[in-house]
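Q: Could you take a close look at one part of this structure with me? I would like to understand the salt bridges and how they are placed along the chain.

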Amino acid sequence: MKLDKSNFSEWFDTVLREAELYDYGRYPVKGMGVWRPYGFKLRRLVLDNVVRKILDETGHEEVLFPILIPKDLLEKESEHVRGFEGEVFWVTKGGHQELEVPLALRPTSETAISYMESLWISSYKQLPMKLYQIVPVYRYETKATRPLIRLREVSTFKEAHTAHESFEDADKQCIEAVEVYKRIFDSLAIPYMISMRPKWDRFAGALYTVAFDTVMPDGRALQIGTVHHLGQNFSIPFEVRFQRRDEEMDYVWQTSYGISDRIFAAMIAIHGDDRGLVLPPHVAPIQVVIVPIPQKNEEDQEKVNNYVRELEEELKKAGIRVHTDNREELTPGAKYYYWELRGVPFRIEIGKREVDNDEVTVARRDVKGKVKVKRLELRKKLEELSEEMLNSMRERAWEFMKSRIRETDNIEEAKKLVEERYVVEVPWCGREECGLKLDEEVGRVLGMPLDKEINVEGKKCIVCGRKAVTKVRLAKTY
Ligand SMILES: Nc1ncnc2c1ncn2[C@@H]1O[C@H](COS(=O)(=O)NC(=O)[C@@H](N)CS)[C@@H](O)[C@H]1O
Ligand SMILES: [Zn+2]
């Protein structure tokens, strides 16, 4: 099977399948895939070593809520229910019994969490309350479903929900949430744009939505994370009341922020190449694969086998996830291909020469060439190479994303650039009808850049010609 990343959609589906990460399209429910052992290990390492680690370090506490939400609860916040009513899976029967109250498979959990917070929270002393859970959520997506990108069972949904004393505190939490997401994406070397979503595209029930978008290899933008200021839109209907410091009663101010399986889609898509996966060393299920080079005579073979066994022991003791590929039926070359497809960051080749010189030959997955390393220096060298590899993956990914972003003051040029799969930044007057026109005729409005200086001095809205007040990013999106 020849991989060709220039045909991205085909490449992505093939890599997921051939690297035995994730089985999609064969499980007999549309929009739902299966995490296979190798992919499940990658997912667990990302969740434990990156997502949970950063969330726990920033004052969040992990919880677990029921998956079923009664209809009356889901419908308490009017904008929320309008936003999700077409997307909810319902459980309507228990055994032979029709259920009194239909139960929703959670599409997200603001309603479930606000309901319980109304029972838990009574005083400002309990605030801020910062909870998160990593659970599957369910959305009856009607647009084309795609593995890890648009699922009906979003199997890895990290949703954080926080409650605060004031609008300002919730606002500050949104800023903190943006920093948390920057750390998570930076740790996986995923590049991102941060934009304020336009009013017509914010989360159902939010005052505002800040979104992280990355650019996939085909130039289309993918929303990989969102942060919402919910104001009191849920706490009032759910009566999440608390006594303020001044002893007055008030409703809490809430935020919520979510990431999903899309972080795996982005990491796999952006770092992969024509040989398959390229994984950041600190989350790779196998960090080092040892490939022994077959020897002609018995004695040399014995020496190589012993050397390999010791080396593997040493690396395991150092906490490195190492695997020796002793399969007789494969040539070294076939083994290289097999482990490159699976994105193993480092390959160590051991032949007679390495044994005689007490060294190893190391090949890094993301760059060509090999280096010889003295066995005694190997552990330290692997740490250095891991750092170097992650940094170069991050640099390369940001370079690519920046190469896909253009600016123009001309609507015709904007259309052409979006057609060519660029993200285009254009001056805008801020009026909704112009924004909606851009959304329809040029490209999806990702929103106002929050991650760069905006200068629209003397610029005109590319739709109506009025004075521009800001810029907006437009793109073809998933
Ligand atoms: N069908 C889907 N498949 C995969 N990922 C999805 C899907 N729908 C949304 N996502 C991802 O999940 C993130 C959070 O979803 S959301 O609707 O924007 N926000 C919420 O649900 C809020 N309750 C924050 S937890 C999105 O930014 C997007 O990256
Ligand atoms: Zn305008």
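A: Here is a walk through the salt bridges, with a short look at some other parts afterwards. Please keep in mind that this is a predicted model.

The count of salt bridges comes to 50. A good place to start is helix α6, which spans residues 167-187 and holds Arg183. Arg183 forms a salt bridge with Glu57, and their closest N and O atoms lie 2.6 Å apart. This pair links distant parts of the chain, since Glu57 sits in helix α2 (residues 37-57), 126 residues away from Arg183. Arg183 counts as partly exposed because its relative accessibility is 39%. Glu57 has a relative accessible area of 46%, so it is partly exposed too.

Helix α6 also contributes Glu176, whose partner Lys130 belongs to strand β7 (residues 129-138). In this salt bridge the closest N and O atoms are 2.8 Å apart. Lys130 and Glu176 are 46 residues apart, and they again link distant parts of the chain. What is the burial state of Lys130, buried or exposed? With 11% relative accessibility, Lys130 counts as buried, because the cut-off for buried is under 20%. Glu176, at 29%, is partly exposed.

A third pair stays within helix α6: Lys172 and Asp169 are 3 residues apart, which means that about one helical turn separates them. The closest N and O atoms of this salt bridge are 3.5 Å apart, and a pair counts when the nitrogen is within 4 Å of the carboxyl oxygen. Lys172 is exposed, with a relative accessible area of 53%, while Asp169 is partly exposed at 28%. Elsewhere, salt bridges that share partners join Asp273, Arg275, Glu340, Arg347, Glu349, Arg365 and Lys370 into one network.

Now for the zinc ion (ligand 2). The SG atoms of Cys429, Cys434, Cys461 and Cys464 coordinate this ion at 2.3 to 2.4 Å, and the spacing of these residues in sequence is C-x4-C-x26-C-x2-C. The 4 donor atoms subtend angles of 105 to 117° around the zinc ion (ligand 2), so the arrangement is tetrahedral. For reference, the ideal angle for four tetrahedral donors is 109.5 degrees. Two of the donor residues can be placed by their accessibility: Cys429 counts as buried at 9%, and Cys434 counts as buried at 2%.

Finally, a nonpolar patch on the surface is formed by Tyr27, Val29 and Val34, with about 240 Å² of accessible area together. Val34 lies in strand β2 (residues 33-35) and counts as partly exposed at 36% relative accessibility.

Terms used:
Residues are numbered from 1 along each chain as its sequence is written. Chains are lettered from A and ligands numbered from 1 in the order in which they are written. This is a predicted model: local features need pLDDT of at least 70, side-chain atom pairs count only at pLDDT 80 or more; totals for chains, interfaces and linings use all residues. Side-chain values use heavy atoms; hydrogens and water are left out. Patches are made of residues with over 30% relative accessible area and no salt bridge: like charges are joined within 9 Å, nonpolar side chains (Val, Leu, Ile, Met, Phe, Trp, Tyr) within 5 Å. Accessible areas come from the Shrake-Rupley method with a 1.4 Å probe; for residues, only the protein chains shown count as cover. A salt bridge is a side-chain nitrogen of Lys or Arg within 4 Å of a carboxyl oxygen of Asp or Glu. Helices (H or I, at least four residues) and strands (E, at least two) are DSSP runs, numbered from the N terminus. Buried means under 20% relative accessible area, exposed over 50%, partly exposed in between (1.4 Å probe, protein chains only). Donors are N, O and S atoms within 2.8 Å of the metal (3.2 Å for Na, K and Ca); water is not among the atoms, so sites may look incomplete. Four donors count as tetrahedral if all angles lie between 85 and 135 degrees; four count as square planar and six as octahedral if opposite donors are over 155 degrees apart and all others between 65 and 115; anything else is irregular.
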